[in-house]
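User: Please take a close look at one part of this model, the second largest pocket, and then set it against the rest of the fold.

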Amino acid sequence: MSKIKGEPSTKERVWRVMLPIIMAVVLLGIIGFLVFDKGETGKKWIQLDEKQEEGSARASTHIISWGDFKKNGGCAWLVVPGIDVDNPVAISNDDRYLYQRFNGVFSFAGSLYMKERVEDGDFLTVVYGHDMIFGSMFGKISKFKDPSFMTDHKKFFFQTEDKVRVYTITKYVTEDDRDLMTFLEQSGKKEFCKRYGLNQDGEYLFLSAVKYAGSKRKLLIGTLESTETLGSLS
């Protein structure tokens, strides 16, 4: 039987049927990866949890294998009650961890990271993280737009090898993408404080959430309330 002119071949008909199926499978795979990709959780470095009094530094402290943790790029641990942030923080002078786990493997969620280590007396510290659409990393940070939610979740906790810093959440803002450290350097502390309603004598930790490089940033601002040595928590 001769083929009718213009009629698609068997191969073409099969391809027309299979192509939408393949595209649907790929799309579902990407969506599934986004949903289940939690980024770097750091659980392998936790030896023991010190979960005790809720809302205190004790409730947000882990016993961590600091030697191995630091060798793999870690420098701190951040806990923000209410938005499922209980994650390790990497150290890097660039934004590689926005799409990368500590071991270098690609991840849409990436890792939390900072570009400078926090030191006693520092006016400004910034922790960067991905604002993931399905809620991992800083994906739920916009909950703090609700004043009642902020009232119910007043603190977050920043643990380093020797101490835990407790911060009181003072403000949530959304603004255009900008490098906060550069802005502080260029504008000066007085102008920086005026913009964000800060005290020049305070110590602040900004959580900076971004969906992708160049997008608007969501900032959660914490004011240092207290510092406790890890020895006092044992």
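Analyst: In this predicted model, H2, S3 and S8 each contribute at least two residues to the lining of the second largest pocket. The lining comprises 15 residues, and those nearest the pocket centre are Cys75, Arg117, Val118, Thr160 and Glu161. By character, the lining residues are six nonpolar, one polar and eight charged. The space in this pocket is about 180 Å³.

The elements named for the lining also appear in the nonpolar interior. Helix H2 (66-71), strand S3 (74-80) and strand S8 (163-175) are among the elements that each supply at least two residues of the largest nonpolar core. That core has 30 residues, and Phe123, Leu124, Leu180, Phe192, Tyr196, Leu198 and Phe206 have the most contacts inside it. Leu180, leaving aside residues up to four places away in sequence, touches Leu124, Val126, Glu175, Phe192, Tyr196, Phe206 and Leu219. A second, separate core of 28 residues includes Cys75, together with Met114, Ile141 and Met150. Cys75 is also one of the residues nearest the centre of the pocket.

In soluble globular proteins, nonpolar side chains tend to be buried together.

Asp152 gives a contrasting case. This residue lies in helix H3, which covers residues 147-152. Asp152 counts as exposed because its relative accessibility is 61%, and the cut-off for exposed is over 50%. Gly82 is 70 residues away from Asp152 in sequence, yet their C-alpha atoms are 8.7 Å apart in space.

Note on methods. Residues numbered from 1 in each chain as written. Predicted model: local features only at pLDDT ≥ 70, side-chain atom pairs only at ≥ 80, totals over all residues. Heavy atoms only, no water. Core = buried A, V, L, I, M, F, W, Y, C linked by side-chain atoms within 4.5 Å. Buried < 20%, exposed > 50% of the residue type's maximum accessible area, 1.4 Å probe, protein only. Helix = DSSP H or I, 4+ residues; strand = E, 2+ residues; numbered from the N terminus. Contact = heavy atoms within 4.5 Å. 1 Å grid on protein atoms, 1.4 Å probe; cavity = no way out; pocket = protein on both sides within 12 Å on 5 of 7 lines; lining within 4 Å. Points joined across faces, edges and corners; volume = space filled by probe spheres on them. Nonpolar A, V, L, I, M, F, W, Y, C, P; charged D, E, K, R; others polar.
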